[in-house]
Amino acid sequence: MNTERVESIVTEYHGNNNASLKALLIDACTISAGSPSITVASRLALQWAKGQPEAFSERTGKPDTRGAYGLLGQEMIGWVTPLQHIGSRNVWFVGLLDEKRDDFNRPYYEPQIEGSKTGLELPGIVDEVVTMTELKPEGENVQPYRAVVCSRPNPRGYPAGDRGGKLEQVEAPHPGRLMAKIRDGRRPAAADYTYNIQ
């Protein structure tokens, strides 16, 4: 990523109440080599939000972090939601994952997005959530391989979800084949979900 371009974008939009956040996020997509990085977009949007009147206390005039994060959540969801209804295009968001630990010290992963609202609501907006990672099969002298994890639950707790039900839990890391399978793949029949419990 071009760091000088990021700094010029932040300077241009920070504190400019008339600037459009959508334009800022479009610029973020452009500097991310054309692929919208949700991580970069959220960072730039937070910097934009910190310069808005809602990010300052009305009483004291001091910065109010809660107001900035509230505005960030509203604007990010407002930016992402219309993309759900673009029928003729496929939009891929690329982002980093943070590894965290639960109360039982088990690892789980969350998208690296500023604020909590966008990360929590994004899986309900998009049709597919996939994680490209390196998987290590059990056994000796077995080479790790790159794969796309497409459904939950999965052994490592990666974020994943397939609203169409056309993908296997693990797929080959090839975006073209993945899109073809989503578009043209066979959805499991209702009979595939019938189980006899004895």
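Rings of Phe, Tyr and Trp, the last taken by its six-membered ring, are treated as a pair if their centres lie within 6.5 Å. In the present structure, which is a predicted model, a search of the whole structure on this basis finds 2 aromatic pairs. The first to be described joins tryptophan 79 and phenylalanine 93, whose ring centres are 5.8 Å apart and whose planes stand at 70 degrees to each other, an arrangement that is edge-to-face. Tryptophan 79 belongs to helix H4 (residues 65–80), whereas phenylalanine 93 lies in the loop between H4 and strand S1 (97–101), so the pair ties together parts that are 14 residues apart in sequence. Tryptophan 79 counts as buried, at 10% relative accessibility, while phenylalanine 93, at 21%, counts as partly exposed; the boundary that matters here is the 20% relative accessible area under which a residue is called buried.

The other aromatic pair is formed by tyrosine 109 and tyrosine 158 and is stacked, with a distance of 4.7 Å from centre to centre and 25 degrees between the planes. Distant parts of the chain are linked by this pair, since tyrosine 109 lies in strand S2 (residues 107–111) and tyrosine 158 in the loop between strand S5 (145–149) and S6, 49 residues apart. Tyrosine 109 has a relative accessibility of 11% and counts as buried, and tyrosine 158, with a relative accessibility of 5%, likewise counts as buried.

Charged side chains were considered next. Side chains of opposite charge can pair when their charged atoms come close, and the structure holds 7 salt bridges, of which several are described here. Arginine 163 forms a salt bridge with aspartate 127, in which the closest N and O atoms are 3.2 Å apart. Because arginine 163 lies in the loop between strand S6 (161–162) and strand S7 (170–171), and aspartate 127 in the loop between H5 and strand S3 (128–129), the pair ties together parts that are 36 residues apart in sequence. Both partners count as partly exposed, arginine 163 at 42% relative accessibility and aspartate 127 at 47%.

A salt bridge within a helix is found between lysine 117 and glutamate 121, where the closest N and O atoms are 3.0 Å apart. The two residues both lie in helix H5 (residues 117–125) and are separated by 4 residues, about one turn of the helix. Lysine 117 counts as partly exposed at 35% relative accessibility, and glutamate 121 is also partly exposed, with a relative accessible area of 33%. In a further salt bridge, arginine 66 is joined to aspartate 64, with 3.6 Å between the closest N and O atoms. Here arginine 66 counts as exposed, at 69% relative accessibility, whereas aspartate 64 is partly exposed, with a relative accessible area of 22%.

Among the strands, an open sheet of 3 strands has the order S4-S5-S7, and the pairing in this sheet is antiparallel. Strand S4 (131–135) and S7 stand at the edges and each has a single partner strand, so one side of each is left without a neighbour in the sheet. The antiparallel pairing of S5 and S7 extends over 2 bridges, and valine 149 stands opposite valine 170 in S7. S7 is also one of the two strands that flank the loop holding arginine 163, the residue that forms a salt bridge with aspartate 127.

Methods:
Residues are numbered from 1 along each chain as its sequence is written. This is a predicted model: local features need pLDDT of at least 70, side-chain atom pairs count only at pLDDT 80 or more; totals for chains, interfaces and linings use all residues. Side-chain values use heavy atoms; hydrogens and water are left out. A salt bridge is a side-chain nitrogen of Lys or Arg within 4 Å of a carboxyl oxygen of Asp or Glu. Buried means under 20% relative accessible area, exposed over 50%, partly exposed in between (1.4 Å probe, protein chains only). Rings of Phe, Tyr and Trp (its six-membered ring) pair if their centres lie within 6.5 Å; planes under 30 degrees apart count as stacked, over 60 as edge-to-face and the rest as tilted. Two strands pair if DSSP finds at least two bridges between them.
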